[in-house]
Amino acid sequence: DGQLGKDVLLVVRWSVFKGKEKELVAMKQSSITQAVESAEYTALVSAYSRALGELSREITEILQAEAKK
């Protein structure tokens, strides 16, 4: 959720599975807030992009930890 000039809030429930049996590796809920730096649509889009980047990093950490097992 987000509005011009206010924070963006991304709340996501996500899971990671592996193998043909689809073994559950992780199930998480992420709540990510990013500031919208001005009352422009480009700033809103940029805040969403940063939030999605942070989510991507969280998922990557789980995948990297699983790959080391």
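A residue is called exposed when its relative accessible area is over 50%, buried when that area is under 20%, and partly exposed in between. This report applies those terms to a predicted model.

**The loop residue Lys-22**

Lys-22 has a relative accessible area of 60%, and therefore counts as exposed. Its place is in the loop that runs between E1 and E2. The backbone of Lys-22 has a positive phi of about 55°, although Lys-22 is not a glycine. Most residues other than glycine have a negative phi.

**The nonpolar cores**

Which residues make up the largest nonpolar core? It has eight members: Leu-10, Trp-14, Val-16, Ala-26, Ile-32, Ala-51, Leu-55 and Ile-62. Two or more of these residues come from each of E1, strand E2 (23-34) and helix H1 (41-67). A second core, separate from this one, has five residues, among them Val-8, Val-36, Ala-43 and Ala-47. In soluble globular proteins, nonpolar side chains tend to be buried together.

Within the largest core, Leu-55 is in contact with Leu-10, Val-12, Trp-14, Ser-30 and Ile-32, when residues up to four places away in sequence are not counted. Val-12 belongs to strand E1. On the same basis of counting, Val-12 touches Lys-28, Gln-29, Ser-30 and Leu-55. The C-alpha atoms of Val-12 and Ser-31 lie 6.6 Å apart, although the two residues are separated by 19 residues in sequence.

**Polar residues of strand E2**

Is Ser-30 buried or exposed? Its relative accessible area is 3%, which is under 20%, so Ser-30 is buried. Ser-30 is located in strand E2. Its side chain forms a polar contact of 2.8 Å with the side chain of Trp-14, a residue of the largest nonpolar core. Leaving out residues up to four places away in sequence, the contacts of Ser-30 are Leu-10, Val-11, Val-12, Trp-14, Leu-55 and Glu-58.

Gln-34 is likewise found in strand E2. With a relative accessible area of 15%, Gln-34 is buried. A polar contact of 3.1 Å connects its side chain to that of Glu-54. Apart from neighbours within four places in sequence, Gln-34 touches Asp-7, Val-8, Ala-47, Arg-50, Ala-51 and Glu-54. Of these partners, Ala-51 is part of the largest core, while Val-8 and Ala-47 are included in the second.

**Salt bridges**

How many salt bridges does the structure hold? There are two, and they link Lys-18, Glu-66 and Lys-69 in a network. The table gives each pair with its N to O distance.

| Salt bridge | Distance, N to O |
|---|---|
| Glu-66 and Lys-18 | 2.9 Å |
| Lys-69 and Glu-66 | 3.4 Å |

The pair of Glu-66 and Lys-18 joins distant parts of the chain: Glu-66 is in helix H1, Lys-18 is in strand E1, and 48 residues separate them. The three members of the network fall into three accessibility classes. Glu-66 has a relative accessibility of 17% and therefore counts as buried. Lys-18, at 36%, is partly exposed. Lys-69 has a relative accessible area of 76%, so it is exposed.

**Further surface features**

Phe-17, Leu-24 and Met-27 make a nonpolar surface patch of about 340 Å². Phe-17 is placed in strand E1 (residues 8-18).

Ser-46 is a residue of helix H1. Its relative accessible area is 32%, and Ser-46 is therefore partly exposed. From C-alpha to C-alpha, Ser-46 and Ala-35 are 9.4 Å apart in space, and they are 11 residues apart in sequence.

Terms used:
Residues are numbered from 1 along each chain as its sequence is written. This is a predicted model: local features need pLDDT of at least 70, side-chain atom pairs count only at pLDDT 80 or more; totals for chains, interfaces and linings use all residues. Side-chain values use heavy atoms; hydrogens and water are left out. Patches are made of residues with over 30% relative accessible area and no salt bridge: like charges are joined within 9 Å, nonpolar side chains (Val, Leu, Ile, Met, Phe, Trp, Tyr) within 5 Å. Accessible areas come from the Shrake-Rupley method with a 1.4 Å probe; for residues, only the protein chains shown count as cover. A salt bridge is a side-chain nitrogen of Lys or Arg within 4 Å of a carboxyl oxygen of Asp or Glu. Helices (H or I, at least four residues) and strands (E, at least two) are DSSP runs, numbered from the N terminus. A nonpolar core is a set of buried Ala, Val, Leu, Ile, Met, Phe, Trp, Tyr and Cys residues joined through side-chain atoms within 4.5 Å. Buried means under 20% relative accessible area, exposed over 50%, partly exposed in between (1.4 Å probe, protein chains only). Contact means heavy atoms within 4.5 Å. A polar contact is a pair of N or O atoms within 3.5 Å; within protein, one must be able to donate a hydrogen and the other to accept it, and residues adjacent in sequence count only if both atoms are side-chain atoms.
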